[in-house]
Amino acid sequence: MPELPEVETTRRGLAPALEGRTIRAVRVRERRLRWPLPAGFEAELTGRTVRAVRRRAKYLLVDLGDRTLILHLGMSGSLRLLPAATPPLAHDHVDLVLDSGACLRFNDPRRFGTLQLARGDPAQHPLLRALAPEPLGRGFDAAYLYACTRGRRVAIKQLLMNARDVVGVGNIYASEALFHAALRPRRAAGRLTRADCARLVTAVRRVLAAAIRSGGTTLRDYVNADGMPGYFRHKLYVYERAGAPCRVCAAPIRHAQQGQRSTYWCATCQR
DNA sequence: ATGGGCACCTGGCTGC
DNA sequence: TGCAGCCAGGTGCCCA
């Protein structure tokens, strides 16, 4: 499901309702997530107060002072704010009940998502330690991407989706950014020129920023903290548009498998 | 070191 | 109508 824009949209919805609130209770209905929730998970959260809700890559970080709750939504996860008494539906695995009477409810049909409790600096947590710079921050620029692609034989799309190289970009936005940068997904990363890298950095940043402004992309499951879908789907140029006319040149959008994932591109606009 | 493939899950859709 | 097969916003881990 969620790539950076969906996680950021969720973060923006959650932050005002969570910050300053104390967790009164934790209700766990299903411990078997990507990594099983440890015994004592509930007790370690209960009574702590939320200082801030941040994001790193596709992870949400709930700052609880001397602990940080690290959440990942996997492919099908979502977080919603609901009245604490709302009856749970299928796949509503975890609730954080707040002192406001609201609850933060984690739903995830496929259970690829995760909740982890970190002590100390969350940036040093094993899941976060080796992540590439934030794509919307200063560390992600043409010089960075050029350096990181040198000597690499992987296809540029796969490099874009590798969190050690670029974070926040998944299958939708990798295809979209490559379209806007006029680069074919299978181009070997090491064969990009400096100019290619500059266009690609701009495309990644613009696509992510525009998707955030639309509240993210909803294909199937994704909803924001208020239960609303994202509307960026209407602004996709290639993703899930196989056979449809390119919005720029009208040539049919191509589709193929690349590294066990679907890839979409325009063979005319992208080289 | 790099890169490819698999595994982890459920649900929705397609086609026989 | 039923069911098998395939596909889906991710990513850690194992192997060559």
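1. A good place to start is helix H1, residues 4-18, whose axis comes within 9 Å of the axis of H6, the two crossing at roughly 40°. That angle makes H1 oblique to H6, and the crossing is right-handed. Please keep in mind as you read that this is a predicted model.

2. Which residues bring H1 and H6 together? On the H1 side they are Leu 4, Pro 5, Glu 8, Thr 9 and Arg 12, and on the H6 side Leu 208, Ala 211 and Ile 212. Sorted by class, this contact has five nonpolar residues, one polar residue and two charged ones.

3. Next, look at helix H5, which covers residues 171-180, against helix H6, which covers residues 194-213. Their axes lie 8 Å apart, and the helices pack at an angle of about 125°. An angle of that value makes H5 oblique to H6. H5 passes H6 in a right-handed crossing.

4. The contact between H5 and H6 can be followed residue by residue. From H5 come Tyr 173, Glu 176, Ala 177, Leu 178 and His 180; they meet Leu 200, Ala 203, Val 204, Val 207, Leu 208 and Ala 211 of H6. How do these residues divide by class? Nine are nonpolar, one is polar and one is charged. You may recognise Leu 208 and Ala 211 of H6 from the contact with H1, as they also take part here with H5.

5. Helix H3 spans residues 142-149 and packs on H6 at an angle of about 120°, with 8 Å between the axes. H3 is therefore oblique to H6, and the crossing of this pair is right-handed.

6. In the contact of H3 with H6, Ala 142, Leu 145, Tyr 146 and Thr 149 of H3 meet Arg 194, Cys 197, Ala 198, Leu 200 and Val 201 of H6. Seven of the residues in this contact are nonpolar, one is polar and one is charged. Leu 200 is worth selecting in your viewer: this H6 residue meets H3, and Leu 200 is also listed in the contact with H5.

7. Now turn to the DNA. Which residues are around DNA strand B? They are His 91, Pro 109, Arg 110, Arg 111, Phe 112, Arg 152, Arg 153, Val 154 and Gln 260. Sugar and phosphate make up 62% of the strand B atoms that come within 4 Å of the protein. The residues of this surface divide into three nonpolar, two polar and four charged.

8. Three side chains deserve a look beside DNA strand B. Arg 110 has a side-chain N or O atom 2.9 Å from a base oxygen of the strand. For Arg 152, a side-chain N or O atom is 2.6 Å from a phosphate oxygen of strand B. Gln 260 also faces a phosphate oxygen of strand B, with a polar side-chain atom 3.4 Å from that oxygen.

Notes
Residues are numbered from 1 along each chain as its sequence is written. Chains are lettered from A and ligands numbered from 1 in the order in which they are written. This is a predicted model: local features need pLDDT of at least 70, side-chain atom pairs count only at pLDDT 80 or more; totals for chains, interfaces and linings use all residues. Side-chain values use heavy atoms; hydrogens and water are left out. A residue is near a molecule or strand if one of its heavy atoms lies within 4 Å of it. A polar contact is a pair of N or O atoms within 3.5 Å; within protein, one must be able to donate a hydrogen and the other to accept it, and residues adjacent in sequence count only if both atoms are side-chain atoms. Ala, Val, Leu, Ile, Met, Phe, Trp, Tyr, Cys and Pro count as nonpolar, Asp, Glu, Lys and Arg as charged, and the others, Gly among them, as polar. Axes are lines fitted to C-alpha atoms, for helices over the stretch in contact, and angles run from 0 to 180 degrees between N-to-C directions. Helices (H or I, at least four residues) and strands (E, at least two) are DSSP runs, numbered from the N terminus. Angles under 35 degrees count as roughly parallel, over 145 as roughly antiparallel, 65 to 115 as roughly perpendicular and the rest as oblique. A crossing is left-handed if the near helix is turned anticlockwise from the far one by less than a right angle, and right-handed if clockwise. Contact means heavy atoms within 4.5 Å.
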